[in-house]
Amino acid sequence: IKAAGVAAGLKAGRLHLIDIRDPDEHAREHIPGAVLLPLSRLEEADVKLEAGRTAVFHCKSGMRTEMNCDRLAARVDGDALILEGGLEAWKQAGLPVATGA
């Protein structure tokens with residue numbers, strides 16, 4: 001799913017955005033409202049979604065999410081998508097990013 005679609009889905013409450021990067025990456029820069037679930041801790045988690053919501057996973061460029069899409073989808077009790085192009089595509093679309101100190 002493209003960045004604009006994710007932004008619209010988040011605003012409408014239909015999507016649950018999950019950042020699979022490491023905690024230090026997330027602390028430096030992240031999409032507001034994204035939940036951190038590092039890829040390194042993925043097997044410890046099951047993502048429970050509210051009825052009618054879809055999980056959207058993202059990383060920095062989309063490469064990690066694409067390489068691990070089956071692993072990611074297996075942790076969700078519902079539908080799962082990937083943010084095409086990751087955080088970089090989000091920023092290129094002019095969407096807001098929170099940054100740490």
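C69 counts as partly exposed, at 33% relative accessibility. The model is predicted. C59, by contrast, is buried, with a relative accessible area of 1%. What do these cysteines do in terms of disulfides? A search of the whole structure finds 0 disulfides. For C59, the nearest cysteine sulfur is that of C69, 12 Å away. C69 is likewise in no disulfide, its nearest cysteine sulfur being that of C59. A disulfide needs two cysteine sulfur atoms within 2.5 Å. The pair at 12 Å is therefore not counted as one.

| Cysteine | Relative accessible area | Class |
|---|---|---|
| C59 | 1% | buried |
| C69 | 33% | partly exposed |

**The sheet**

The strands build an open sheet of 4 strands. Their order is 3-1-4-5, and the pairing is parallel. Which strands lie at the edges? Strand 3 and strand 5 (80-82) do, each pairing on one side only. Helix 1 (residues 3-12) packs on this sheet. The helix touches strand 1 and strand 4. Its direction makes about 120° with that of strand 1.

In general, strands of a sheet pair through backbone hydrogen bonds, either parallel or antiparallel.

**Strand 1 and its partners**

Strand 1 stands between strand 3 and strand 4 in the order. How many bridges join strand 1 to strand 4 (residues 54-58)? There are 5 bridges, and the two strands run parallel. Within this pairing, I18 stands opposite F57.

On the other side, strand 1 pairs with strand 3 (residues 35-36). This pairing is also parallel, over 2 bridges. Two positions show the register. I18 stands opposite V35 in strand 3. D19 stands opposite L36 in strand 3. I18 thus has a listed partner in strand 4, F57, and one in strand 3, V35.

**Burial of strand 1**

Is strand 1 enclosed or open? Of its 5 residues (15-19), 5 are buried, so strand 1 is largely enclosed by the rest of the structure. Both faces are covered. On one side, L15, L17 and D19 are buried. On the other side, H16 and I18 are buried. D19, which stands opposite L36, is therefore among the residues under 20% relative accessible area.

Conventions
Residues numbered from 1 in each chain as written. Predicted model: local features only at pLDDT ≥ 70, side-chain atom pairs only at ≥ 80, totals over all residues. Heavy atoms only, no water. Buried < 20%, exposed > 50% of the residue type's maximum accessible area, 1.4 Å probe, protein only. Pairing = 2+ DSSP bridges. Contact = heavy atoms within 4.5 Å. Axes fitted to C-alpha atoms, helices over the stretch in contact; angles between N-to-C directions.
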